[in-house]
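Q: Please take a close look at one part of this structure. Then set that part in the context of the rest.

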Amino acid sequence: AADSTLTLWAEKLPGNPARLRHSAEVARARGQLQTAVIVADSLARLDDLNWRAIGHHNAALALVRQGRLREAQQREVQAVSEADRAREPNAALRFAMARAQAEIVFRNQPDAAIAQLEAELTQRPLEELRPGNRPYGR
């Protein structure tokens with residue numbers, strides 16, 4: 001069903017970046033990690049800063065699953081930077097949280113994760129986000 005939906009989406013809205021995002025997510029879910037990175041890189045090359053941030057983040061998610069942690073961390077840093085440039089503080093925090101989570105889960109470095117998040121929250125205080133947009137669920 002996912003393939004036919006993505007194919008139809010490509011036919012009807014060929015330039016829609018959301019299709020690329022979902023294509024990367026489907027590829028990652030299927031374990032097609034190199035394909036997920038390639039599709040995510042297509043997003044990361046767009047002119048729109050928000051979609052570029054999303055592309056870097058999706059590439060990082062696939063790279064983590066490949067065990068390429070350093071590269072994944074670099075892509076999350078790029079995602080945060082692009083989200084900041086796009087004036088998307090919620091996205092920047094989500095991407096920073098994913099980076100910190102990798103520090104805990106894959107490197108067993110909770111102190112490094114906390115330090116990263118504290119630095120991010122200094123730049124983007126939760127009080128400046130609308131209450132419903134604050135990332136309490138993560």
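A: R124 counts as buried because its relative accessible area is 7%; buried means under 20%, exposed over 50% and partly exposed in between, with a 1.4 Å probe and protein chains only. The model is predicted, so local features need pLDDT of at least 70 and side-chain atom pairs count only at pLDDT 80 or more, while totals for chains, interfaces and linings use all residues. Residues are numbered from 1 along each chain as its sequence is written, and side-chain values use heavy atoms, with hydrogens and water left out.

The partner of R124 is E120: the two form a salt bridge in which the closest N and O atoms are 2.3 Å apart. The term stands for a side-chain nitrogen of Lys or Arg within 4 Å of a carboxyl oxygen of Asp or Glu. E120 is buried as well, at 10% relative accessibility, and is found in helix 7, residues 110-123. Helices (H or I, at least four residues) and strands (E, at least two) are DSSP runs, numbered from the N terminus.

The pair is part of something wider, since D84, R99, E120 and R124 are linked in a network of salt bridges. Contacts (heavy atoms within 4.5 Å) give the surroundings of E120. Leaving aside neighbours within four places in sequence, E120 is in contact with V80, L93, A96 and R99. R99 is thus both a contact of E120 and a member of the network.

V80 leads from the charged site to the nonpolar interior. Among the contacts of V80, not counting residues up to four places away in sequence, are both E120 and R124, along with A92, F95 and A96. V80 is also one of the residues that touch the most other members of the largest nonpolar core, which has 17 residues; the others in that group are L43, W51, I54, A83 and F95. Helix 2, helix 3, helix 4 (49-65), helix 5 and helix 6 each give two or more residues to this core. There is a second, separate core of nine residues, and V37, A60, V64 and A72 are included in it. A nonpolar core here is a set of buried Ala, Val, Leu, Ile, Met, Phe, Trp, Tyr and Cys residues joined through side-chain atoms within 4.5 Å.

Two other salt bridges can be set beside the one at R124. D41 pairs with R75, with 2.6 Å between the closest N and O atoms. D41 lies in helix 3 (residues 33-44) and R75 in helix 5 (residues 69-85), so this pair ties together parts that are 34 residues apart in sequence. R75 is buried, with a relative accessible area of 11%. The salt bridge between R21 and E25 has an N to O distance of 3.3 Å. Both residues lie in helix 2 (residues 17-29), four residues apart, about one turn of the helix. R21 counts as partly exposed because its relative accessibility is 30%, and E25 is partly exposed too, at 24%. The whole structure holds ten salt bridges.

On the surface, I104, V105 and F106 make a nonpolar patch of about 290 Å². Patches are made of residues with over 30% relative accessible area and no salt bridge, like charges being joined within 9 Å and nonpolar side chains (Val, Leu, Ile, Met, Phe, Trp, Tyr) within 5 Å; areas come from the Shrake-Rupley method with a 1.4 Å probe, and for residues only the protein chains shown count as cover. V105 lies in helix 6, residues 89-105, and is exposed at 53% relative accessibility. F106 is in the loop between helix 6 and helix 7 and is partly exposed, at 46%. Apart from residues up to four places away in sequence, F106 touches V64 and L69.

As for the whole chain, there are seven helices and zero strands. The radius of gyration is 15 Å, close to the 14 Å of the globule rule for 138 residues, so the chain is as compact as a globular protein of that length; the radius is taken over C-alpha atoms, and the rule is 2.2 Å times the number of residues to the power 0.38. Buried residues make up 40% of the 138 residues. Of the contacts between residues at least 6 apart in sequence, 47% join residues at least 24 apart.
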